[in-house]
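Colleague: Could you teach me how to read a few features of a protein model, one at a time?
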Amino acid sequence: ALLNGFSQPDIDDYVNVEFILDAMNNRSKDLVFLSGSFNNFRPNKDWIMNYDENEKKYKLRQWIRRGRHNYLYATGNLNNDNNYVERLS
């Protein structure tokens, strides 16, 4: 599809995925991010995982491009001034 003269990926190129991290009852003092090939390993505020108090797990539902991806869970802090993650580890 074309949008403003540029080729845009079709919605069929994406799938809604729920990522779940079992924290084994160890909640991080820092934010937990999902970082992978789908976001060029540069997470921002859209990739912060939410902690589910009842299940004791981190969760994030996100649209990603279909295909095989490498990803990892990382901790860090969000700089609200520039929307970048600092001290990602």
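Modeller: Happily! Let's begin with Tyr 71, which counts as partly exposed at 41% relative accessibility. On this scale, buried means under 20% relative accessible area, exposed over 50%, and partly exposed in between (1.4 Å probe, protein chains only). Please keep in mind that this is a predicted model, where local features need pLDDT of at least 70, side-chain atom pairs count only at pLDDT 80 or more, and totals for chains, interfaces and linings use all residues. Residues are numbered from 1 along each chain as its sequence is written, and side-chain values use heavy atoms, leaving out hydrogens and water.

Colleague: How many aromatic pairs does a search of the whole structure find?

Modeller: The search finds six. In the pair of Phe 19 and Tyr 71, the ring centres are 5.1 Å apart and the planes stand at 70 degrees, so this pair is edge-to-face. Phe 19 sits in strand β3 (residues 14-22) and Tyr 71 in strand β7 (residues 71-79), so the pair links parts of the chain 52 residues apart, strands being DSSP runs (E, at least two residues) numbered from the N terminus. As for the cut-offs, rings of Phe, Tyr and Trp (its six-membered ring) pair if their centres lie within 6.5 Å; planes under 30 degrees apart count as stacked, over 60 as edge-to-face and the rest as tilted.

Colleague: Is Phe 19 buried or exposed?

Modeller: Phe 19 is buried, with a relative accessible area of 6%. Tyr 71 also pairs with Phe 38, and that pair is tilted, at 6.3 Å centre to centre with 40 degrees between the planes. Phe 38 belongs to the loop between β4 (31-36) and β5 (50-52), 33 residues from Tyr 71. Phe 38 is buried too, at 18% relative accessible area.

Colleague: Which residues do ring pairs link into a cluster?

Modeller: The cluster holds Phe 19, Phe 38, Trp 47, Tyr 71 and Tyr 73.

Colleague: What is Phe 19 in contact with, leaving aside its neighbours within four places in sequence?

Modeller: Contact means heavy atoms within 4.5 Å. The partners of Phe 19 include Leu 34, Met 49, Tyr 58 and Ile 64, along with Phe 38, Tyr 71 and Tyr 73 from the ring cluster. The backbone tells a similar story of distant positions: the C-alpha atoms of Phe 19 and Arg 61 are separated by 6.2 Å, with their places 42 residues apart along the chain.

Colleague: Now a polar example, please. Where does Asn 79 lie?

Modeller: Asn 79 lies in strand β7 and is buried, at 17% relative accessible area. Its side chain makes a polar contact of 2.7 Å with that of Glu 86. A polar contact is a pair of N or O atoms within 3.5 Å; within protein, one must be able to donate a hydrogen and the other to accept it, and residues adjacent in sequence count only if both atoms are side-chain atoms. A polar atom of the Asn 79 side chain also lies 2.8 Å from the backbone nitrogen of Asp 81.

Colleague: And how many helices and strands are there in the chain?

Modeller: The chain has zero helices and eight strands. Buried residues make up 27% of its 89 residues. Among contacts with a separation of 6 or more, 65% come from residues 24 or more positions apart.

Conventions:
Helix = DSSP H or I, 4+ residues; strand = E, 2+ residues; numbered from the N terminus.
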